[in-house]
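Reader: Hey, can you walk me through this one? I'd like to start with how helices pack and then look at pockets.

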Amino acid sequence: MTTLTLDPSPVLTTSRPSRNLLRDIRIVMTRELKPVLRDPFSLLFGMIQPLVFLALFGPLLSGSMGGTFGDGVWQWFVPSILVMTTLFGTSTTGANLLFEFQTGAHERMLVTPLSRSSLLIGRALKEMVPLFGQAVIVIAVMTPFAFELHVGGALVGLALLAVFGVGLGSFSYALAIAVRKQDWMFWVVQQTFLFPLMILSGMLLPLETGPGWMRAASKFNPLSYVVDAERTLFSGDVVSTAVLWGWVAAIVTAALGLTVGIRAMLRSAG
C-alpha cells in the first residue's frame, strides 16, 4: 500500500520581482513630461521667464547696490534666479497631484508596481528638466554681459539643485495629500512658506545690510545655504565650506521630504 504524503508548501511560489528604482523614476518622469511636451507654448514661456526677472530686477540691483557685489551683480544674481526657478517649480509639484485626485489617476498609480519613492522623485525631477534648459538659455544670454561661466561649478550646482528639488517636491506632494479635500489650502500654505523662505535666503537682496534678526533667522533657513553654495559654485569654487553646507542642506531636505511624502502616500492609500 502506497502512502501519499502531502507537502504543506505550495507547489508554485510567486515572488515579487525586485524593481529597479532608476527605471521606475524614469517611467514616472516620462509620464509627467508628456503633457508638458504637448504644450510647447507653456514650455517656451517657462524658458524665458527667468530672463524677465533678470531684465527687470538685475538693473535695480546694479544701480542701487552695485558696490556690494564683489564679482559683479550678474555673477551674484544669475545663480539666485536658477534657485528661484527650482523653488517655484518643485514647490508646485503637488498642484498636479490635486488634479489627479479628482480624476482617480493617483489611485491607479498607487496600484502599479512602481516604488513609492519613484513617484515622488520622478515628479520632482520632471521639474528639473525645464530648469536645465532655462540654465542654458540664461547662461548663453548673460555671458556677453560680464557673466563668467565655470562649467564644472555650474554642473555641480545643477546637481545640487536637483537633490534639493526632490526634497521640495516631496514636501509639496505631502501637502497636496493633506489638503486634498480642501485643495485651495494648498496655495495658501505654499505661498505662506514660499516668500519668507526666499527673502530670508538672501536670494533677491543681500542680507548683510539687513537687521540682525533677519540674519539670525537666515541661519535656520536651508534655502540660504543652497543659495550661498550656488553662488560659490558658479564662481568656480567647488570645494569651499559654503558648498559643503549647501550639500548638507540639500541632502537633509531630500531625506526629510521623501520620508514625509512616502508616509503621507501610504496613509492616503490606506
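Author: Sure, and keep in mind that this is a predicted model. One definition before we begin: angles under 35 degrees count as roughly parallel, over 145 as roughly antiparallel, 65 to 115 as roughly perpendicular, and the rest as oblique.

Reader: Okay, so at what angle do α4 and α6 pack?

Author: The angle between α4 and α6 is about 125 degrees, and their axes are 10 Å apart. That angle falls outside the named ranges, so α4 and α6 are oblique to each other.

Reader: Which hand does the crossing of α4 and α6 have, left or right?

Author: Right-handed. On the α4 side, the contact is made by T93, N96, L97 and E100, while α6 brings R123, K126 and E127.

Reader: How do the residues of that contact divide into nonpolar, polar and charged?

Author: Four of the residues between α4 and α6 are charged, two are polar and one is nonpolar.

Reader: Cool. What about α4 and α7, how do their axes cross?

Author: They cross at roughly 35 degrees, and the axes come within 7 Å. This crossing is right-handed too. From α4 you get T93, G94, L97, L98 and F101, and they meet G169, S172, Y173, A176 and I177 of α7.

Reader: And how many charged residues are in the contact of α4 with α7?

Author: None: the contact of α4 with α7 has six nonpolar residues, four polar and no charged.

Reader: Switching to pockets. How much space lies in the largest pocket?

Author: About 850 Å³. It is lined by 30 residues, and the closest to its centre are V36, T92, K126, E127 and P130.

Reader: Which helix gives the most to that lining?

Author: α2 does, with eight residues. Helices supplying at least two residues each are α1, α2, α3, α4 and α6. By type, the lining of the largest pocket has 14 nonpolar residues, 10 polar and six charged.

Reader: How much space lies in the second largest pocket, then?

Author: That one holds about 420 Å³. There are 18 residues lining the second largest pocket, and L168, F171, S172, F193 and L197 are the closest to its centre. Two or more lining residues come from each of α3, α7, α8, α10 and α11.

Reader: What kinds of residues line the second largest pocket?

Author: Its lining divides into 13 nonpolar residues and five polar, with no charged ones.

Terms used:
Residues numbered from 1 in each chain as written. Predicted model: local features only at pLDDT ≥ 70, side-chain atom pairs only at ≥ 80, totals over all residues. Heavy atoms only, no water. 1 Å grid on protein atoms, 1.4 Å probe; cavity = no way out; pocket = protein on both sides within 12 Å on 5 of 7 lines; lining within 4 Å. Points joined across faces, edges and corners; volume = space filled by probe spheres on them. Helix = DSSP H or I, 4+ residues; strand = E, 2+ residues; numbered from the N terminus. Nonpolar A, V, L, I, M, F, W, Y, C, P; charged D, E, K, R; others polar. Axes fitted to C-alpha atoms, helices over the stretch in contact; angles between N-to-C directions. Left-handed = near helix turned anticlockwise from the far one by under 90°. Contact = heavy atoms within 4.5 Å.
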